[in-house]
Amino acid sequence: MIFVTGDCHGDYRKLSSTAFREQKEMDRQDFVIVCGDFGYWDRSRQEEYWMDWLARKDFTLLFVDGNHENYDLLAEFPVQMWHGGKVQMIRENVIHLMRGQMFNLQGRRFFTFGGARSHDIVDGILEPDDPELRDKVKRLEGAGALYRINHLTWWKEEMPSKQEYEEGRSCLAQNGWKCDYILSHCAPSSVQAQLSCGRFDTDPLTVYLEEIKERCEYRKWFFGHYHEDELVDDRHMVLYHRIERVV
């Protein structure tokens, strides 16, 4: 079995045995895939508790990255090959699927491309070594502002590099621009516009994903990011709380 779901933000209770009962019939050859904003932020006792809790699950948990990830922390994990693509093993059965990769899972091909531009940074990015940081945070909090702190709550790596974009194109070209499923965090520009009624602007990543949408043959595209559960059209589904069975 393969299931897909949306953002966790460090809260994995929807994967409990009472909330997700299907796992009683699953083993490590079965997969649950999180479409970004997995939420592994630090190595605190609480965070490590949850990683160990997930590691005790009988299924294998996979995730693409989103815009709410600690990319400094992810960079500490070595890159290795797994089921045809590059991954980072957080635990033996908790695995980060990297950008621009094709994975063969139970005979189906999954193309992955995480990342997204944050919508909640319109009031700026603060630097952690700013001597006025505390005062600025106090003012911004008092005003209900949307801001982040570099390397603490925001990382520039939320948006892909030129190398990652090219690696994704190369991977798809090697596979004849065909796959069964696409997994991302944000959506192609046209799908995002349809879902949000134009509320969100396009950016280099949504434009890139739009290129893939136009060039690639695929059955279905799953993504998170927008905190909704909705079948946008017959080939594009946004997920948040819902856990959707794919295989």
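**Figure 1. Surroundings of Phe 63 in strand E3 of the predicted model.** Phe 63 is a buried residue, its relative accessible area being 1%; this value falls under the 20% that marks the limit for burial. The strand that holds Phe 63, E3, covers residues 60-64. When neighbours within four places in sequence are left aside, the contacts of Phe 63 are Val 34, Phe 38, Leu 74, Ile 90, Val 94, Ile 95, His 96 and Leu 97. Gly 114 stands 51 residues from Phe 63 in sequence, and the C-alpha atoms of Phe 63 and Gly 114 are 8.9 Å apart in space.

**Figure 2. The largest nonpolar core of the chain.** This core has 27 residues, and the members that touch the most others are Phe 111, Ile 212 and Phe 223. Two or more residues are given to this core by each of strand E8 (108-113), helix H4 (162-174), helix H5 (189-196), helix H6 (204-215) and strand E12 (220-223). Helix H6 provides the largest share, four residues.

**Figure 3. Contacts of Phe 223, and a second core.** With residues up to four places away in sequence not counted, Phe 223 touches Cys 35, Ser 184, His 185, Cys 186, Ala 187, Val 191, Leu 195, Val 232, His 236, Met 237, Val 238 and Leu 239. A separate core, of 25 residues, includes Phe 20, Leu 54, Tyr 71 and Leu 74. Leu 74 is also among the residues in contact with Phe 63.

**Figure 4. The loop that carries His 83.** His 83 is placed between strand E4 (79-82) and strand E5 (85-91). The phi angle of His 83 is positive, at about 55 degrees, although the residue is not a glycine. With a relative accessible area of 35%, His 83 is partly exposed.

**Figure 5. The loop that carries His 227.** His 227 lies between strand E12 and strand E13, the latter comprising residues 230-233. Phi is positive here too, near 55 degrees, in a residue other than glycine. The relative accessibility of His 227 is 39%, and the residue counts as partly exposed.

**Figure 6. Thr 18 in the loop between strands E1 and E2.** Strand E1 covers residues 2-5 and strand E2 covers residues 31-35, with Thr 18 in the loop between them. Thr 18 counts as exposed, at 61% relative accessibility; the limit for this class is over 50%. Between Thr 18 and Gln 174 there are 42 Å in space, C-alpha to C-alpha, and the two residues are 156 residues apart in sequence.

**Figure 7. His 151 in the loop between strand E10 and helix H4.** Strand E10 consists of residues 148-149, and the loop holding His 151 lies between this strand and H4. His 151 has a relative accessible area of 40% and is partly exposed. The C-alpha atoms of His 151 and Val 94 are separated by 23 Å, the residues being 57 apart along the chain. Val 94 is also one of the residues that Phe 63 contacts.

**Figure 8. The chain that frames the close-up views.** Six helices and 15 strands are present in the chain. A compact globule of 247 residues would have a radius of gyration near 18 Å, and the 18 Å of the chain agrees with this. The C-alpha trace spans about 55 × 40 × 30 Å along its principal axes. Of the 247 residues, 56% are buried. Among contacts between residues at least 6 apart in sequence, 68% join residues at least 24 apart. The exposed area is about 11800 Å², of which carbon and sulfur atoms supply 48%. The chain bears 32 positive and 43 negative side chains, and the centres of these two sets lie 3 Å apart.

Notes. Residues numbered from 1 in each chain as written. Predicted model: local features only at pLDDT ≥ 70, side-chain atom pairs only at ≥ 80, totals over all residues. Heavy atoms only, no water. Rg over C-alpha atoms; globule rule 2.2 N^0.38 Å. Buried < 20%, exposed > 50% of the residue type's maximum accessible area, 1.4 Å probe, protein only. Contact = heavy atoms within 4.5 Å. Areas by Shrake-Rupley, 256 points an atom, 1.4 Å probe, with all protein chains shown as cover. Lys, Arg positive; Asp, Glu negative; His and termini not counted. Charge placed at Lys NZ, Arg CZ, Asp CG, Glu CD. Core = buried A, V, L, I, M, F, W, Y, C linked by side-chain atoms within 4.5 Å.
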